[in-house]
Amino acid sequence: MPAGRLTHVTSNGDEPPVGGESIGLDAATAVTALYESHALSLVRLAYVMLGDRHTAEDVVHDAFCGLYRAWHRIPDHGNLLAYVRTSVVNGCRSVHRRARTAPSALAEPDAASAESEVIFSEERRATVAALNQLPPRQREAIVLRYYAGLPEPEVAQAMGVSRGTVKSTTARGLAALGRILREEQ
């Protein structure tokens, strides 16, 4: 076994391959550092898109696990945050797709926890509820652009669409969000 490599040794002393080869210590270090510095903001992003903290945490954890597993297949390790952010957006899309067949997946809990009462004011909850009424693509564009504070090119990259699509989708989403919030007042 080469020095400086992260390996997992089985009970019989053999090294199982990870994705066909051993993943270097640099992968573990890089993924851990990225997780420590960006996981909270990505969970917040996923929470706003999904409306459920536990599901948001699961989506983010899955994205980081996916990054670790795909480490040796990623050609450019210079933009890992964009890779993980795109994985989070795609994970949120998957949750919404599954929710169409099981509507209770995104239902609000019967009673809010004490922690959520402290963290979110009534206005924020109304905004999140209104966001959840938007079509998924509009919700993604608004959350990435205004909540995550990403510039249009990065939003386009995360969503896998053109910059013009981001602009038009964001404009339509903001107009719909305004209508929903006015109706609820």
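A salt bridge is counted here where a side-chain nitrogen of Lys or Arg lies within 4 Å of a carboxyl oxygen of Asp or Glu. In this predicted model, the side chains of Glu152 and Arg163 satisfy that rule, with an N to O distance of 3.2 Å. Because Glu152 belongs to helix α7 and Arg163 to helix α8, this pair ties together parts of the chain that are 11 residues apart in sequence. As for their surroundings, Glu152 counts as buried, its relative accessibility being 18%, whereas Arg163 counts as partly exposed at 45%.

The rule gives a count of four salt bridges, among them one that joins the side chains of Glu154 and Arg85 at 3.4 Å, N to O. Here Glu154 is in helix α7 and Arg85 in helix α3, which spans residues 80-101, so the pair connects parts that stand 69 residues apart in sequence. Glu154 has a relative accessible area of 31% and is therefore partly exposed, while Arg85, at 8% relative accessibility, falls into the buried class.

Helix α3 also takes part in the salt bridge between the side chains of Arg93 and Glu140, whose N to O distance is 2.8 Å. This pair links distant parts of the chain, with Arg93 in helix α3 and Glu140 in helix α6, 47 residues apart. Glu140 has a relative accessibility of 4%, and because buried means under 20%, this residue counts as buried. As a general matter, side chains of opposite charge can pair when their charged atoms come close.

We can now return to helix α8, the helix that holds Arg163, and consider its geometry. Helix α8 runs over residues 163-184, and its 22 residues, taken at 1.5 Å a residue, should span 32 Å; the C-alpha atoms at its ends are 31 Å apart, which agrees with that expectation.

Which residues of α8 are buried? They are Val166, Thr169, Thr170, Gly173, Ala176, Leu177 and Ile180. When the helix is viewed down its axis, the buried residues of α8 fall within an arc of 140°, and they therefore line one face of the helix. What covers these buried residues includes α5 (122-133), α6 (136-147) and α7 (152-159). Two of these covering elements have already appeared in the salt bridges: α6 carries Glu140, and α7 carries Glu152, the partner of Arg163 in α8.

Conventions. Residues numbered from 1 in each chain as written. Predicted model: local features only at pLDDT ≥ 70, side-chain atom pairs only at ≥ 80, totals over all residues. Heavy atoms only, no water. Helix = DSSP H or I, 4+ residues; strand = E, 2+ residues; numbered from the N terminus. Expected span 1.5 Å × (residues − 1). Buried < 20%, exposed > 50% of the residue type's maximum accessible area, 1.4 Å probe, protein only. Arc of directions from axis to C-beta. Contact = heavy atoms within 4.5 Å.
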